[in-house]
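Here is a short report on a two-chain model. It moves from confidence to fold, then to the contact and the record.

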Amino acid sequence: MSSSSSSLYRFGIIPLALFFIVFFAYPVLHFLWGSVVVDAGGASFLSLRNFTDALRSASVLRSLSTTLLLSILTGVVSLLLGYLLAFQVVRRPPIIGKIIFVAAIASLFTSTIARALGWRVLLGFEGPINKMLIGLGLVSEPLQLINNFTAVAIGMIHIQVPVVMVGLIPVIEALPRDYERAAIGLGASRWNTFLTIHLPMTWMNAVPVGLIAIMATAAYFTTPVLLGGGRVNVIAIQIQQASQVLFEFGYAAALSVMLVVMISAVAIFILLLTHWRRSVRARGSS
Amino acid sequence: MSRLEIDSLKIVYGGWTAIDDLNLTIEKGELVSLLGPSGSGKTSLLRAIGGYLKPAGGSMRIDGKDITSVPPQFRDIGMVFQNFVLFPHLSTVENVEFGLRTRGVAKAERRRRAIEALAMVQMDTYLDRYPFELSGGQQQRVALARAIVIRPTLLLLDEPMGALDTKLRERAQEEIRSLQQELQLTMILVTHDQREAMAMSDRIIVMRGGKIVDAGDPWRLYHAPKTAFTAEFLGATNLLPVEVLTRDGNRARVRMTKTGHEFEAEGSLADASAGYVSLRPEDITCTSRAEPGALPAKVMKRMFYGVNTHLRLETPGLGSLLAVQHRHGVFEEGADVFVVFQPQDARLLPADLPGEGR
C-alpha cells in the first residue's frame with residue numbers, strides 16, 4: 001500500500017520536472033551558454049571574451065554597483081517598513097489589521113507601470129509634493145525629485161513593501177504573545193518590548209524575507225526606466241539594450257550571468273548569517 | 001505584598017461571557033488557587049488581574065487602590081507563565097534583570113538584586129547560562145526569580161507545573177509553597193490539577209462557567225464540598241442520586257432513586273427533596289464478613305497503584321462504586337465481598353448537574 005502510493009508520487013513528479021526542464025531550465029541555460037560562445041569568422045568557440053569586455057566597461061561596472069546599491073537599499077527599507085506593517089496586521093485588533101492588509105495588498109494588484117507613472121505625477125516639477133513644499137515655504141524653487149536614483153528607490157520600495165509584509169506575517173505570528181506579555185508585565189513599554197524582545201527574537205527569520213525584495217529588485221526593468229529618466233542605468237537596462245538594441249546576445253547573457261552571480265553572493269552571505277543564528281536557536285529548542 | 005479585591009468583574013470575549021459578576025478578595029500573604037476545568041474562566045481571571053485583558057465591567061483594587069484601568073506595565077504584578085517564556089536571547093541573569101532595567105535600577109544594584117533573587121531559587125550558579133541550556137525545572141526557577149525580583153504586589157502563576165514531568169512537579173510545588181510562605185507573597189495560582197491546588201493553597205476557588213461555585217480551604221472543600229461539582233472535581237468520588245425521606249438535624253435518611261435502597265447520610269438539604277450523596281472511595285471499606293449494615297458487592301475490576309488499590313465494585317443497592325483500599329481489603333476480581341461506610345462520610349449535596357461545563 002505504502003510502496004504503491006510512494007511510487008505514484010515518484011511518477012507524479014515527472015510532468016512537473018518535464019515542465020521545469022522544457023520551459024525554464026533549457027531556455028535559461030541555452031541563453032546563458034551563449035555568454036561563453038563567441039562567433040568569429042563563421043566558427044564558434046568557447047571564450048570568456050564577453051565577460052572580459054563587460055568587466056572592462058566602466059558603464060557596466062557602474063550599472064552593477066547601481067543595481068547592487070538599489071537592491072540592498074530597497075531590501076533594507078522594505079524590510080523595515082514591511083516589518084512594521086506586518087506587526088500591525090498581526091498584533092492590532094483584527095479589523096484594523098485587515099484594513100492594513102487589504103490596503104497593502106491592493107497595491108500589489110496594480111500594474112507596476114501604472115504605479116511608476118503615478119509616482120511621476122507625484123514627484124514631478126509641477127507635482128503635488130513640489131507644490132506643497134513651495135506652499136509651505138520650505139523651498140523657493142521646485143526640487144528635482146524625478147529622473148534620479150531616489151525616485152527609482154522610492155518606486156521600488158513601494159513595490160516591494162507589500163511583498164515583504166506578506167512574507168513577514170507568519171514570522172511574527174510564530175512568536176507566542178506570552179513573550180510580549182512577559183516583557184510588558186515586567187514594566188517594559190510597548191516600544192521597548194518591540195525593540196528588546198520582539199526584534200531580537202524574530203530578525204533571523206525576517207531577514208531572509210528581505211532577500212526576496214533584494215533579488216526581485218535586482219532584475220527590475222520598468223521602474224528604473226520610468227522613474228530614472230535614463231540616468232539610473234541598472235543592469236537590467238544594459239541587458240535589454242545589449243539584446244534588443246545591439247543584438248549582442250552573448251554579451252547580454254554575460255551581463256545576466258554577472259547579475260546572477262552578484263545576487264547569489266548576497267543571498268549566500270545573508271543565508272549564512274541567519275542560518276548560523278537559527279542553528280544556535282535550534283540547538284536550544286532541542 | 002498586598003491585598004486584592006475584585007468587585008463584580010465581568011469579562012467578555014466577542015460576545016461570549018467568560019467571567020460574570022465575580023467577587024473575590026485575596027488577603028496579604030495568601031496563596032489562592034483558581035481551580036476549574038478548561039473554559040471555566042480561571043485563565044481569563046488571571047489575565048484580567050495581570051492587566052492583559054480588559055474587563056467589560058467591575059473593578060479591581062490592590063491595597064485599596066483601583067487598578068482596573070492601569071496598564072500591565074505599571075501594575076507591579078509578577079507573572080510566571082505556563083511555558084516560563086524566558087527570553088531566549090538573554091542569559092539567566094539578564095532575564096532576571098529585565099524587570100529592573102525597565103524600572104531604571106542602576107547596573108550594580110540591578111546585578112546584586114538579580115543574583116539575590118536567583119539565590120532564593122538556588123539558581124545563582126547559572127548566571128550566564130541561556131534558557132536553552134537549562135532544564136524545565138531550572139527554567140521554572142529562573143521564571144520565578146524574574147517575577148519576584150521586581151518585588152511585586154501580587155505574584156500570578158499560570159499553570160506553572162504544566163511543563164514539568166510528574167516527579168519534578170511535586171518537588172517544585174513544595175519549593176514554591178516554601179518560598180511563598182518565607183517571603184509572605186500574595187500568590188494566585190491557576191491550575192486544573194486538583195492535587196496541586198490542594199497541596200499548595202491556603203484557599204481554593206473552584207470555578208465553572210465563569211462563576212465561583214465553591215471556595216474555601218482545601219480540607220473543608222474536600223471533606224465538606226458544597227456542590228456535587230466540587231465533590232467530583234476535587235479528588236474522586238461516587239455520586240449517588242437519592243431522594244430525601246426524613247431529616248433529623250444534620251442527618252437525613254435517603255433512598256437511592258434507581259434501586260430503592262435506603263441509608264443514612266450527613267447533611268440536611270433543607271430546600272430540596274432530591275440530590276446526590278458523595279461517597280469518597282477511601283471512605284468505603286471492603287470486608288469478607290457480613291457485618292451489620294454491610295452491603296453485598298462484587299469486585300469487577302482491580303487496579304493496583306502501589307500506594308493503594310482501586311476496586312470497581314458492583315452492588316445491588318448502590319450500583320457501581322469505586323473503592324480505594326490499602327493493604328487490607330484488597331480482593332481478587334470476581335470476589336464476593338461486603339462494603340461498609342459511615343453515615344458521616346456519605347455527604348448529601350444539592351442536585352446541580354455533575355459534570356456540566358466540563
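The text below covers confidence, chain B, the contact between the chains, and annotated spans of chain A.

**Confidence**

This is a predicted model. For the complex, the predictor reports an ipTM of 0.82 and a pTM of 0.78. Chain B has a mean pLDDT of 90. In that chain, 98% of residues reach 70 or more. Helix 2 of chain B has the highest confidence in the chain, at 96. The lowest is in helix 8 of chain B (residues 228-233), with a mean of 88. Residues 354-358 of chain B need separate mention: pLDDT stays under 50 there. For this stretch the model has 12 contacts beyond four places in sequence.

**Chain B**

Chain B has 358 residues, of which 41% count as buried. Its secondary structure comprises eight helices and 20 strands. Along the principal axes, the C-alpha atoms fill a box of roughly 75 × 45 × 35 Å. Now take contacts between residues at least 6 apart in sequence: 65% of them join residues at least 24 apart.

The domain assignment splits chain B into domain 1 (4-223), domain 2 (237-280 + 343-358) and domain 3 (285-340). Domain 2 of chain B is thus listed in two segments, 237-280 and 343-358. Between domain 1 of chain B and domain 2 of chain B, the C-alpha centres lie 38 Å apart.

**The contact between the chains**

How many residues does each chain bring to the contact? Chain B gives 19 residues and chain A gives 18 residues. On the chain B side, strand 6 (77-80) and helix 2 (92-101) each supply at least two residues. By class, that side has 13 nonpolar, five polar and one charged residues. Helix 2 of chain B, which helps to form this side, is also where confidence in chain B is highest.

**Annotated spans of chain A**

UniProt, in an unreviewed entry, lists "transmembrane region" for residues 12-33, 68-87, 99-125, 145-172, 193-221 and 249-273 of chain A. The table gives the model's geometry for two of these spans.

| Span of chain A | Helix | Strand | Distance between end C-alpha atoms |
|---|---|---|---|
| Residues 12-33 | 95% helix | 0% strand | 30 Å |
| Residues 99-125 | 81% helix | 0% strand | 33 Å |

Residues 12-33 of chain A are 95% helix in the model. Residues 99-125 of chain A are 81% helix. The "transmembrane region" label itself comes from the UniProt entry.

Technical notes: Residues numbered from 1 in each chain as written. Chains lettered and ligands numbered in written order. Predicted model: local features only at pLDDT ≥ 70, side-chain atom pairs only at ≥ 80, totals over all residues. Contact = placed C-beta atoms within 7 Å. Helix = DSSP H or I, 4+ residues; strand = E, 2+ residues; numbered from the N terminus. Nonpolar A, V, L, I, M, F, W, Y, C, P; charged D, E, K, R; others polar. UniProt positions renumbered as here; feature names shortened; annotations may be inferred. pLDDT = per-residue confidence, 0-100. Domains from an automatic or database assignment. Buried ≥ 20, exposed ≤ 12 C-beta atoms within 10 Å, placed from the backbone.
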